[in-house]
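Welcome, and please open the model in your viewer. This tour goes from one selection to the next and tells you what is there.

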Amino acid sequence: MLGYIFWHWPDDPAADREAYEAAQRAFHRALAATRSEGFIRSLSFRVQGLPWLGAPEGKAYEDWYLLEGSYALDPLNELAVSASVRDAHAGAANGATGAGALYRLARGVPEWGSGEVAWVAKPRGEHYAGFYARFPDEGVVWRRQMVLGPATEFVAEGAPPDGLEALRVRRELFIET
């Protein structure tokens, strides 16, 4: 499974939060209603403390678009601006700034609720097998693909294993399709 992550925030720090979030909900609903090959679902979280964003504190969002595989990227991209979704996309995109990344599920079964995630980097020189072994068997770990995106190489649900430096981020689920 792939996760296309799109971080976004209002261009105007004084933008009305309720209006911004209503536009995001409308887009996610429109996208869900017009299915695309390989598109599983989308979610959106309110997040704080992601240094690569440059977003005003308390105004950042993290959308996850879950895909069966990379073959689903082109159809999803086309769907997002298609006639059936165009207005909802424009409403969500107007007045927003963002950055994206592509992650592959490396292990575990995501739960997708509100909670803490840990953005971590594999220590230099450590082999991937040893790195993955640090996580509990049921741990959920996503790995960035092809260095696409500004974030660290890994994101894990919950607290990171002992001995790994991590940026812990609380996220609050507010859209789930």
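Start by selecting β3: Ala60, Glu62, Trp64 and Leu66 point one way from this strand, Tyr61, Asp63, Tyr65 and Leu67 point the other way, and all are buried. Buried means under 20% relative accessible area, exposed over 50%, and partly exposed in between, using a 1.4 Å probe and protein chains only. Helices (H or I, at least four residues) and strands (E, at least two) are DSSP runs, numbered from the N terminus.

A note before moving on: this is a predicted model, in which local features need pLDDT of at least 70 and side-chain atom pairs count only at pLDDT 80 or more, while totals for chains, interfaces and linings use all residues. Residues are numbered from 1 along each chain as its sequence is written, and side-chain values use heavy atoms, with hydrogens and water left out.

**The neighbours of β3**

Add β1 to the selection. β1 and β3 pair in the antiparallel sense over seven bridges; two strands pair if DSSP finds at least two bridges between them. Click on phenylalanine 6, and you will find aspartate 63 as its bridge partner in β3.

Now add β2, residues 39–47, which pairs with β3 in the antiparallel sense over eight bridges. Here phenylalanine 39 stands opposite leucine 67 of β3.

**On to β8**

From β2, move to β8 (residues 166–176): five bridges join these two strands, which run antiparallel. Arginine 46 is found opposite glutamate 172 in β8. Select β5 as well, since β5 and β8 also pair, antiparallel, over six bridges. Glycine 115 stands opposite arginine 171 in β8.

**Aromatic rings**

Next, show the aromatic side chains. The whole structure has 18 aromatic pairs. Rings of Phe, Tyr and Trp (its six-membered ring) pair if their centres lie within 6.5 Å; planes under 30 degrees apart count as stacked, over 60 as edge-to-face and the rest as tilted.

Zoom in on tryptophan 7 and tryptophan 52, an edge-to-face pair with 5.6 Å centre to centre and 70° between the planes. Tryptophan 7 belongs to strand β1 and tryptophan 52 to the loop between β2 and β3, so the pair ties together parts that are 45 residues apart in sequence. Both tryptophan 7 and tryptophan 52 are buried.

Then select Tyr128, Phe131, Tyr132, Phe135 and Phe154, which ring pairs link into a cluster. Which charged end sits over the ring of tyrosine 128, 3.9 Å from its centre? That of arginine 143. Lysine 122 also lies over the face of tyrosine 128, at 4.7 Å from the ring centre. A charge sits over a ring if NZ of Lys or CZ of Arg is within 6 Å of the ring centre and within 35 degrees of the ring normal.

**A loop residue**

Histidine 127 lies in the loop between β5 (115–120) and α4 (128–133). Is histidine 127 buried or exposed? Histidine 127 is exposed, with a relative accessible area of 66%. Draw a line from its C-alpha atom to that of glutamate 18: the two are separated by 45 Å and lie 109 residues apart along the chain.

**Last stop: the largest pocket**

Select Tyr4, Phe6, Tyr65, Ala80 and His89, which lie nearest the centre of the largest pocket, among 21 lining residues. The elements giving two or more residues to this lining are β1 (2–10), α1 (17–33), β3 (60–67), α2 (73–80), α3 (86–93) and β4 (96–107). On a 1 Å grid over the protein atoms alone, a pocket is an open set of points where a 1.4 Å probe fits, with protein on both sides within 12 Å along at least five of seven lines; lining residues have an atom within 4 Å of a point.
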